[in-house]
Amino acid sequence: MKTAYFEEIRNGKKKSTAYLEHIVKGGESNKYLKYDLMNNFQTVYFELARLELLNRGMETGPIHLPYIRQSLYRVNERLDCGDFVIPAFLTILYRYRDSSLLTEELLQGLEDAVLNFKYWIDEPGVDIHLPCYFTENHQVLFHSIEYLAGQLYRDRIFTNNGENGEWHREHGRTYLKRWLTWRKRFGFSEWLSNGYYAEDMLGLLILSQLAEEEEIRSQAKGLIELLFFDIAVHSLKGNFCATNGRMYNAPTMNPDFSSANAMAAEQWGKGYVDGGLEPAAILLAV
């Protein structure tokens with residue numbers, strides 16, 4: 001709790017800006033973040049933080065293209081969890097494509113990755129690397145990115161199955177509305193997850209900001225509020241440490257490293273922000 005981030009928000013700096021600055025500066029000093037930047041496929045989120053700060057008029061240095069290319073490789077090779085990366089691609093394509101911050105070559109690479117992606121298990125193409133489609137967090141991610149990619153490129157052909165964007169928008173929308181309804185009716189199968197609530201948040205955040213349909217934006221915002229309510233009432237001294245529907249050793253043995261903690265710190269100023277690269281907290285701040 002002694003990190004400079006908390007001092008800055010106590011002094012009145014906007015939490016989202018303070019968190020984004022903390023992440024970008026941490027690339028030089030935070031050993032866990034430095035490790036993630038060398039080994040993590042979600043490094044595009046580090047550049048997303050930089051892009052948003054630049055968009056807010058703050059100088060943070062040039063875009064680091066290798067970090068974006070690491071994430072592009074994950075998607076283009078159809079490796080597992082490529083759906084974790086595309087929310088950042090879509091955010092860039094929706095929010096920053098008309099700025100001078102990115103080259104045409106890079107924007108084309110992001111666009112090609114979105115148009116060539118396999119968005120669900122019923123599409124053609126062999127999954128050599130066996131990506132997971134069907135757990136709860138993957139469902140909302142695949143459906144939200146397909147819906148929003150189709151919305152953005154309604155008249156373009158998506159090369160994996162030869163259908164246009166409007167088809168993908170409707171395909172993603174059908175499954176997405178079912179997922180949103182099930183969560184309202186039945187709750188979460190990955191309940192109180194100190195890792196997977198963050199992945200759910202990636203899909204819900206882009207829907208809440210980018211979906212053109214008010215109904216979908218409203219449902220996404222409602223579930224975001226529910227997730228934060230869960231985190232708030234099941235946290236102790238800034239640690240989200242309830243029993244989990246699905247968990248991993250590291251954040252269970254050391255709750256500081258729960259993905260939910262960084263979101264809580266960014267949302268209400270109590271948690272832990274030095275655990276490394278946390279895409280959902282970055283996207284929330286953006």
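Q: Is Phe-117 buried or exposed, and what is its relative accessibility?

A: This is a predicted model, so keep that in mind as we go. Phe-117 comes out at 6% relative accessibility, which counts as buried because the cut-off for that word is under 20%.

Q: Okay, how do I read a pair of aromatic rings?

A: A ring pair is described by how far apart the centres are and by the angle of the planes. Take Phe-117 with Phe-142: their centres are 6.0 Å apart and the planes are 15° apart, and the pair is stacked. Phe-117 sits in the loop between helix H7 (104–116) and helix H8 (136–152), while Phe-142 is in helix H8, so the pair ties together parts that are 25 residues apart in sequence. Phe-142 is buried too, at 2% relative accessibility.

Q: And which geometry do Trp-120 and Tyr-133 show?

A: That pair is edge-to-face, with 5.8 Å centre to centre and 85° between the planes. Trp-120 and Tyr-133 each lie in the loop between H7 and H8, so this pair ties together parts that are 13 residues apart in sequence. Trp-120 is buried at a relative accessible area of 10%, and Tyr-133 is buried at 3%.

Q: How many aromatic pairs are there, and which residues do ring pairs link into a cluster?

A: The count is 17 aromatic pairs. Ring pairs link Phe-117, Tyr-119, Trp-120, Tyr-133, Phe-142, Phe-158 and Tyr-175 into a cluster.

Q: Which rings have the charged end of an arginine sitting over them?

A: Look at the distance from the charged end to the ring centre. For Arg-74 over the ring of Phe-41 that distance is 4.0 Å. For Arg-183 over the ring of Trp-179 it is 5.1 Å.

Q: Let's do helices. At what angle do H2 and H3 pack?

A: For helix packing, read the angle along with the distance between the axes. Helix H2 (residues 15–29) meets helix H3 (residues 31–39) at about 85°, and the axes are 7 Å apart. That angle makes H2 roughly perpendicular to H3. On the H2 side you'll find Ile-23, Gly-26, Gly-27, Glu-28 and Ser-29, and these meet Lys-31, Leu-33, Lys-34 and Leu-37 of H3. By character, the residues of this contact divide into 3 nonpolar, 3 polar and 3 charged.

Q: What does Leu-202 touch, leaving aside its neighbours within four places in sequence?

A: Start with where the residue is, then list its contacts. Leu-202 is in helix H10 (residues 196–210) and is buried, with a relative accessible area of 0%. Its contacts are Tyr-45, Phe-84, Pro-87, Leu-141, Pro-279, Ala-280 and Leu-283. You can also check C-alpha distances: Leu-202 and Ala-281 are 79 residues apart along the chain, and their C-alpha atoms are separated by 9.0 Å.

Q: Where does Thr-91 lie, and is it buried or exposed?

A: Thr-91 lies in helix H6 (residues 86–95) and is buried, at a relative accessible area of 4%. Not counting residues up to four places away in sequence, Thr-91 touches Leu-48, Tyr-96, Ile-206, Leu-283 and Val-286.

Q: Last one: which residues have a positive phi without being glycine?

A: Go through the backbone angles and note the sign of phi. Arg-78 is one of them, with phi near 55°, and Cys-81 has a phi of about 75°. Arg-78 is in the loop between helix H5 (65–76) and H6, and Cys-81 is found in the loop between H5 and H6 as well. As for exposure, Arg-78 is partly exposed at 23% relative accessibility, whereas Cys-81 counts as buried at 14%.

Definitions and conventions. Residues are numbered from 1 along each chain as its sequence is written. This is a predicted model: local features need pLDDT of at least 70, side-chain atom pairs count only at pLDDT 80 or more; totals for chains, interfaces and linings use all residues. Side-chain values use heavy atoms; hydrogens and water are left out. Rings of Phe, Tyr and Trp (its six-membered ring) pair if their centres lie within 6.5 Å; planes under 30 degrees apart count as stacked, over 60 as edge-to-face and the rest as tilted. Helices (H or I, at least four residues) and strands (E, at least two) are DSSP runs, numbered from the N terminus. Buried means under 20% relative accessible area, exposed over 50%, partly exposed in between (1.4 Å probe, protein chains only). A charge sits over a ring if NZ of Lys or CZ of Arg is within 6 Å of the ring centre and within 35 degrees of the ring normal. Axes are lines fitted to C-alpha atoms, for helices over the stretch in contact, and angles run from 0 to 180 degrees between N-to-C directions. Angles under 35 degrees count as roughly parallel, over 145 as roughly antiparallel, 65 to 115 as roughly perpendicular and the rest as oblique. Contact means heavy atoms within 4.5 Å. Ala, Val, Leu, Ile, Met, Phe, Trp, Tyr, Cys and Pro count as nonpolar, Asp, Glu, Lys and Arg as charged, and the others, Gly among them, as polar.
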